[in-house]
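Look at the fold below before reading on. The report then takes up the chain as a whole, a few of its helices and two single residues.

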Amino acid sequence: MKIGLYQAVDAFRQNFPIVRYFGPFREQPQRRYLLPARMSKELGSTGLHAAGILASDTAGRQGELIRQVNAGLAELLPGWKLDLVSRGEVWSVVLRSAAGTDFAVNLADGGTGVAQALPIFVQRALDVVSPPDRPVLEIIEQPELHLHPAAHADLADLYLAAVEATPVRFSIETHSETFLLRLRRRIAEGKVDPATVAVLSWNRPTVPPRPDGF
C-alpha cells in the first residue's frame, strides 16, 4: 500500500513539478502600497503579492503585465481598466473609466468581486508574459466568489484560454452552475476537446435515522 502511494506521488511530481494553490478568500486590497524592493515571483495562496507585482512590473517593464491583465478584464469589466497611480515609492491600484475621462476609483472602494478576482487575472497575465518552463498544476477554490453570476462564464473562458496558451493545468473547486454550463457549451461547440475536461461531484451521504431516545 505504501509503495503504491509513493509511486503515485512520484508520478504526480513528474507530471507537475510545480503546484500552486489559491484559497477561496483572496487578499483585500489596500488603499496604498509601498513599492517592493524586488518583484515577488509568486502571488501567494491569498494573492497577497498581486499589487506589488503589478507595481514592480510597471516601474521596471513599462506596464507590460498590467496591459495583459486589462486584456483579460475587458470581458469582466467592460468600460473599465486597471491602472496604477504612483506618488514616489507609494502606489495605488485604481479602476479607471475607459471612456476617456479622468474618473477613477481606488480598488479598495470597488466591489469585493473585482478585488477577489484580481490575483486570478494577475496570475494569468504572468503566465503569458513569463511562461512557465515546466508543467504547472494550479489548484484554486471558488474563483467565482463574490462575482456576479454573469461573470462566471467569462472566468471559465479565461481558464480554457490559459490551457491552450500555457503549460498550466487546473484543479478548480466551484459552486457555480454558470461556470460548468460554459464548459459544456464550449465542448458542444467543438471548441474544447471533452477529453481535456473532467467534472467530479460529491454528494453528502445519506445520514441514517437516529436511534430512539436521541
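What follows describes a predicted model, starting with the whole chain.

## The chain as a whole

The protein chain contains six helices and seven strands. Along the sequence these elements follow the pattern α-β-β-α-α-β-β-β-α-β-α-β-α. Taken along the principal axes, the C-alpha atoms fill a box of roughly 65 × 45 × 45 Å. The chain has 214 residues, of which 37% count as buried. Among contacts with a separation of 6 or more, 61% are between residues 24 or more positions apart.

## Helix 2

Helix 2 covers residues 50-61, twelve residues in total. At 1.5 Å a residue the helix should span 16 Å, and its end C-alpha atoms are 16 Å apart, so the expected span and the model agree.

Which residues of helix 2 are buried? They are Ala50, Ala51, Gly52, Ile53, Leu54, Ala55, Ser56 and Asp57. These buried residues pack against three strands and two helices: strand 2 (33-34), strand 3 (80-87), strand 4 (90-97), helix 3 (64-73) and helix 4 (112-129). Just after helix 2, glutamine 62 has a positive phi of about 60°.

Serine 56 is one of the residues in helix 2. Its relative accessible area is 13%, and because buried means under 20%, serine 56 counts as buried. Leaving aside neighbours within four places in sequence, serine 56 is in contact with Leu35, Pro36, Arg38, Met39 and Arg61.

## Two helix pairs

The table lists two pairs of helices with the approach and crossing of their axes.

| Helix pair | Axes come within | Crossing angle |
|---|---|---|
| Helix 2 and helix 4 | 10 Å | roughly 40° |
| Helix 5 and helix 6 | 8 Å | roughly 50° |

The axes of helix 2 and helix 4 cross at roughly 40°. Helix 2 is therefore oblique to helix 4. The crossing of helix 2 with helix 4 is left-handed. On the helix 2 side the contact is made by Ala50, Ile53, Leu54 and Arg61, and on the helix 4 side by Leu118, Pro119, Val122, Leu126 and Val129. Sorted by class, this contact has eight nonpolar residues, no polar residues and one charged residue.

Helix 6 consists of residues 177-188, and its axis crosses that of helix 5 at roughly 50°. Helix 5 and helix 6 are therefore oblique to each other. Is the crossing of helix 5 with helix 6 left-handed or right-handed? Helix 5 passes helix 6 in a right-handed crossing. In helix 5 the residues that meet helix 6 are Pro149, His152, Ala153, Asp154, Leu155, Ala156, Asp157, Tyr159 and Leu160. Their partners in helix 6 are Thr178, Phe179, Arg182, Leu183 and Arg186. The contact of helix 5 with helix 6 divides into eight nonpolar, two polar and four charged residues.

## Leucine 155

Leucine 155 lies in helix 5, which runs over residues 149-165. Why does leucine 155 count as buried? Its relative accessibility is 0%, and buried means under 20%. Not counting residues up to four places away in sequence, leucine 155 touches Ile120, Phe121, Pro143, Glu144, Leu147 and Phe179. Phe179 is also among the helix 6 residues that meet helix 5. Leucine 155 and valine 122 are 33 residues apart along the chain, and their C-alpha atoms are separated by 13 Å. Valine 122 is one of the helix 4 residues in the contact with helix 2.

Terms used:
Residues are numbered from 1 along each chain as its sequence is written. This is a predicted model: local features need pLDDT of at least 70, side-chain atom pairs count only at pLDDT 80 or more; totals for chains, interfaces and linings use all residues. Side-chain values use heavy atoms; hydrogens and water are left out. The expected span of a helix is 1.5 Å times one less than its number of residues. Buried means under 20% relative accessible area, exposed over 50%, partly exposed in between (1.4 Å probe, protein chains only). Contact means heavy atoms within 4.5 Å. Axes are lines fitted to C-alpha atoms, for helices over the stretch in contact, and angles run from 0 to 180 degrees between N-to-C directions. Angles under 35 degrees count as roughly parallel, over 145 as roughly antiparallel, 65 to 115 as roughly perpendicular and the rest as oblique. A crossing is left-handed if the near helix is turned anticlockwise from the far one by less than a right angle, and right-handed if clockwise. Ala, Val, Leu, Ile, Met, Phe, Trp, Tyr, Cys and Pro count as nonpolar, Asp, Glu, Lys and Arg as charged, and the others, Gly among them, as polar.
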